[in-house]
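Here is an informal walk through one chain and the ligand it holds. Have the viewer open and follow along.

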Amino acid sequence: MHVTLRQLEVFSAVVKNESFTRAAEALHLSQPGVSMQIKQLENSIGLQLFEHIGKKVFLTDAGREMYVYSQSISQMLDEAEAVVEQLKGVQSGKLTISVATTASHFATRLLAAFSKQHEGITISLDVTNREALRQQLEQNEPDLVIMGQPPDGLDVDADEIMENPLVVIAPADHPLISEKNIPLSHFASEHFVVRERGSGTRYAIERFFEQHGVSFNTGIEMSSNEAIKQAVEAGLGLGIVSIHTLELELETKRLQVLDVQDFPIRRYWYIVQRKGKRLSPAAQAFKTFVLEQAKEFIHLP
Ligand code: PGA
């Protein structure tokens, strides 16, 4: 049986995504490219791995067996990689970090400072929303993740880094700016410019309004905090964002924080890893750096 690691990687992606098309997207391959790898794998083991029923793909018995082996092989490769990273030590390892969109406002600064202290470490940074981070943790892809509330129902170790208050923002000439302690109920008829579904900020805001028994109306949805701030500045509506995204706008007074009852929404940043994951020396050094020194590099407005 002549099987390549690439074929097993493509095979696992089809199983996890339950689709050839989605696997192709995840691996940045064409759909025919994925089909060809699967065909070659099926030819070399001499059995079919998938059944196509309607638009769905299902594993055959042979597919299920192969999947078990392909999982163990990929786990062993991860272990081998971790051992090799240990041998390389902290001076020349590889670090794979994923951070929440909102955390990118300070995470890049942290990585820059860390990288100055450890010039030999190669860093790969992915910036995405909470839901995508949850999936990455599930697949055990990044060494470490920086995110808001750690995900439920997933075995992770999470250490608190610092506070992440969410505040209501308005354009500099908004009539509510001079008001004090504005009741939350005032906003029941307001339409907010909000982050997309799957964002931790969006999730926290909706839960907050629900807990306070006030209805929350979403206006335009945007997947970037920068776009939200620009939209609020342009008068498209009020926004609710993390204070970490506001440094420049508050300094230049382009936006103002409203004094709203029960605000800010109290949230925290965490550094998260899969439970039991063996961190490479580079990843361990980064985690220690974040927990011990992050606050020195981050100045809240
Ligand atoms: P987000 O995450 O960028 O997905 O909103 C931030 C958070 O979890 O608070």
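Let's begin inside helix 3, where Gly33, Val34, Gln37, Ile38, Leu41 and Glu42 are buried. Keep in mind that this is a predicted model. Those buried residues of helix 3 pack against helix 1, helix 2 (20-27), strand 1 (50-53) and helix 4. General helix geometry is handy here: an α-helix has 3.6 residues a turn, so residues three or four places apart point the same way.

Both ends of helix 3 have something to look at. At the N-terminal end, Ser30 acts as a cap, with a side-chain oxygen 3.1 Å from the backbone nitrogen of Gly33. Just past the other end, Gly46 has a positive phi of about 80 degrees.

Helix 4 covers residues 61-88. Its buried residues are Ala62, Gly63, Met66, Tyr67, Ser70, Ala82 and Glu85. They pack against helix 1 (5-17), helix 3 (31-45), strand 2 (56-59), strand 3 (94-100) and helix 10 (281-297). After helix 4 comes Gly89, with a positive phi near 80 degrees.

Helix 7 has Gly200, Thr201, Arg202, Ala204, Ile205, Phe208 and Phe209 as its buried residues. Their cover includes helix 6 (130-138), strand 7 (166-171), strand 8 (191-195), strand 9 (217-222) and strand 10 (238-242). At the start of helix 7, a side-chain oxygen of Ser199 comes within 3.2 Å of the backbone nitrogen of Thr201. Gly213 follows helix 7, and its phi is positive, near 65 degrees.

How do the spans of these helices work out? Here they are side by side.

| Helix | Number of residues | Expected span | Span between end C-alpha atoms |
|---|---|---|---|
| Helix 3 | 15 residues | 21 Å | 22 Å |
| Helix 4 | 28 residues | 40 Å | 41 Å |
| Helix 7 | 12 residues | 16 Å | 16 Å |

For helix 3, the end-to-end distance agrees with what 1.5 Å a residue should give. The reach of helix 4 is close to its expected value, and helix 7 agrees as well.

Now for the ligand. Which residues come nearest to it? Of the 13 residues around the ligand, the answer is Thr102, Ser199, Gly200, Thr201 and Arg267. Ser199 is also the residue whose side-chain oxygen reaches towards Thr201 at the start of helix 7, while Gly200 and Thr201 are among the buried residues of that helix.

Some polar distances to the ligand are worth having on screen. A polar side-chain atom of Arg267 is 2.8 Å from a ligand oxygen. For Arg195, a side-chain N or O atom is 3.1 Å from an oxygen atom of the ligand. Arg130 takes part through its backbone, where an N or O atom lies 3.1 Å from a ligand oxygen. On its own the ligand has 280 Å² of accessible area, and the protein covers 100% of it.

Thr101 is another residue to click on. It sits in the loop between strand 3 and helix 5 (104-117). Is Thr101 buried or exposed? Thr101 is buried, because its relative accessible area is 15% and the cut-off for buried is under 20%. Beyond its neighbours within four places in sequence, Thr101 contacts Val127, Thr128, Asn129, Arg195, Ser223 and Asn225. Arg195 in that list also has the side-chain atom 3.1 Å from a ligand oxygen.

Next, some backbone oddities. As a general point, most residues other than glycine have a negative phi, and most peptide bonds are trans. Asp262 has a positive phi near 70 degrees without being a glycine. Asp262 lies in the loop between strand 11 and strand 12, and it counts as partly exposed at 43% relative accessibility. That loop, between strand 11 (255-257) and strand 12 (268-274), also holds Pro264. The peptide bond from Phe263 to Pro264 is cis, with omega near 5 degrees. Elsewhere, Glu18 has a positive phi near 50 degrees and sits in the loop between helix 1 and helix 2.

Finally, zoom out. The chain has 10 helices and 12 strands, and its C-alpha atoms fill a box of roughly 75 × 50 × 30 Å along the principal axes. The domain assignment gives domain 1 (5-73), domain 2 (89-163 + 268-297) and domain 3 (166-257). The C-alpha centres of domain 1 and domain 2 are 31 Å apart. Of the 301 residues in the chain, 46% are buried. The exposed area is about 15,600 Å², with carbon and sulfur atoms supplying 50% of it.

Definitions and conventions. Residues are numbered from 1 along each chain as its sequence is written. Side-chain values use heavy atoms; hydrogens and water are left out. Helices (H or I, at least four residues) and strands (E, at least two) are DSSP runs, numbered from the N terminus. The expected span of a helix is 1.5 Å times one less than its number of residues. Buried means under 20% relative accessible area, exposed over 50%, partly exposed in between (1.4 Å probe, protein chains only). Contact means heavy atoms within 4.5 Å. Domain bounds come from an automatic or database domain assignment. A residue is near a molecule or strand if one of its heavy atoms lies within 4 Å of it. A polar contact is a pair of N or O atoms within 3.5 Å; within protein, one must be able to donate a hydrogen and the other to accept it, and residues adjacent in sequence count only if both atoms are side-chain atoms. Accessible areas come from the Shrake-Rupley method with a 1.4 Å probe; for residues, only the protein chains shown count as cover.
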